[in-house]
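Me: Please take a close look at one part for me: the pockets and cavities, and what lines them. Plain talk is fine.

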Amino acid sequence: MSLPNDVPIPASLSHASAEWKALVTAFMSHSARTPDALKALGDTAGETPAFMAAKGLIFCLLGRRELSDEAHSLSRAARDALVRHGGDVQERALVDALNAFCAGRPSQAADIFDQSLTQRPGDGFALKLAQAIRFLYGDSAGMRRSADAAIYAFDTSHPHAGYARGCYAFACEETGDLTLAEKAGIRALELAPDDAWGLHAVAHVHEMRGHPEQGRAWLLPRQDAFAGCSNFRHHVWWHFALFELELGHMDAVLDLYDKEVRREHTDDYRDVANAVSLLARIEAEGVDVGRRWDELAAIAERRVEDGCVVFADLHYLMALLAAGRNEAAGRLIERMASAGEASEFGRVAAGPGACAGDGLAAMRRGDHDAAYKSLAASQVRMREIGGSHAQRDVFERLTIDAALSAGRMVEAREMIKGRAKRRGAFDRFGFERLLRCGPVKVETPVPSGAAF
């Protein structure tokens, strides 16, 4: 099979190839221009199955109930259009994947894109969607398999070669191959200087290795790489704030929170998650965060019934509990616990989601032993809530702190050592918590990619 050197175009969009390429480029680069590119494509090809399915899939990723409902409508319209007009393998994959996602089977949607890539290699939209969907339910192994299989088609002549390597870099990092992740991320930026995803993959590498100075040095001179991003730029600044936190620069962390991480008070769940997890880490270090929880809790209360992404639910819950909105927090936990088996996300919500929710609530009311038991039980399946290792780390930190507060020093020590082994290093948090467990010999852990 010859390798493509251009962006594959769905058959129904042959008259809108420029608009499709613009959308795919914006989507892969996390550009602030993505909404405009989507609108431009819609103005040209709004009734085509490929456009409606692409729009629906983008809406699914945003984790908002009202957009999820619209995605369901788009799915039905796209299926009807496909029946009337037919379509090639690329647009059938888009429509089938949206249908699977809306039916509560996101893993099937990702698999559909993997299969499509074998028939239409070099499809950056399919690659990025497969990665993004699996990210929602923590399937790092699937992300790596998908990237491994698809990357060959994105040689340096392909317009999206850099962005594809950014996807590959992050998949490598999430599966514990930090050396390859760093190399791929650096190469991604060489090929696409605005590849914020590849940039942030290397930031993840430094975070996992416990190298905050190197992380700061990596991000600081490369702000142009994410200056044109959508709200994803707030997440890159979140990484910068984690490096400052690791260095113990609490004033700098709070300043970054106000000026960058929460610069815009959006209600996008990803922005809220950045803010919530950063405040939780700051508070765990004994620093007063003032009234910052209130703004987040007000947003969270409006999203109690969303039930789109478990990762979002747990961050909403943390904000509600921190602000003392216990009635709303109770409703959210009850809704997660009763989610049932109808969808993949529902099973995660009723399993590790509700279990972690019980632990977070117990921790806020001071019942540290109950908090430890629930949080530790949820850790077994915590990967399934989605997000990255760095993002989910806040829950492991809270579990360790609950164990320490409950006087469970043996359990805390084992968790701290296990965390360091998975990361390949003791960071400041791990080392300080280990010292609280009593005298111990600290040995450099040997990283184990299999632990991911």
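Reply: Starting from the outside, the chain exposes about 17100 Å² (Shrake-Rupley, 1.4 Å probe), and carbon and sulfur atoms supply 51% of that area. Keep in mind that this is a predicted model, where local features need pLDDT of at least 70 and side-chain atom pairs count only at pLDDT 80 or more, while totals for chains, interfaces and linings use all residues. Numbering runs from 1 along each chain as its sequence is written, and side-chain values use heavy atoms, with hydrogens and water left out.

The framework is 24 helices and 0 strands (DSSP runs of H or I, at least four residues, or E, at least two, numbered from the N terminus). Along the principal axes, the C-alpha atoms fill a box of roughly 70 × 45 × 40 Å.

Now the pocket (an open set of points on a 1 Å grid with protein on both sides within 12 Å along at least five of seven lines). The largest pocket holds about 860 Å³ (the space filled by probe spheres set on the points). Its lining (residues with an atom within 4 Å of a point) has 38 members, and His30, Leu62, Ser230, Asn231 and Arg270 lie nearest the centre. Helices from widely numbered stretches each chip in at least two lining residues, among them helix 1 (17–28), helix 7 (124–136) and helix 16 (269–284). By class, that lining splits into 20 nonpolar, 14 polar and 4 charged (Asp, Glu, Lys and Arg are charged; Gly counts as polar).

On to the cavities, where a 1.4 Å probe fits but cannot get out. There are 4 of them at 30 Å³ or more. The largest cavity has about 120 Å³ of space. Of its 16 lining residues, Glu207, Leu242, Glu246, Arg397 and Asp427 lie nearest the centre. The whole lining divides into 8 charged, 5 nonpolar and 3 polar residues. Helix 11, helix 14 and helix 24 (428–436) each put in at least two, with helix 14 giving the most, 4 residues. Helix 11 (196–209) and helix 14 (232–246) also each supply at least two residues to the largest pocket's lining.

The second largest cavity comes to about 40 Å³. Around it sit Arg134, Phe135, Gly138, Asp139, Ser140, Met143, Glu174, Gly387 and Arg392. Helix 7 and helix 8 (140–150) are the elements giving two or more of those residues. Sorted by class, this lining has 4 charged, 3 polar and 2 nonpolar residues.
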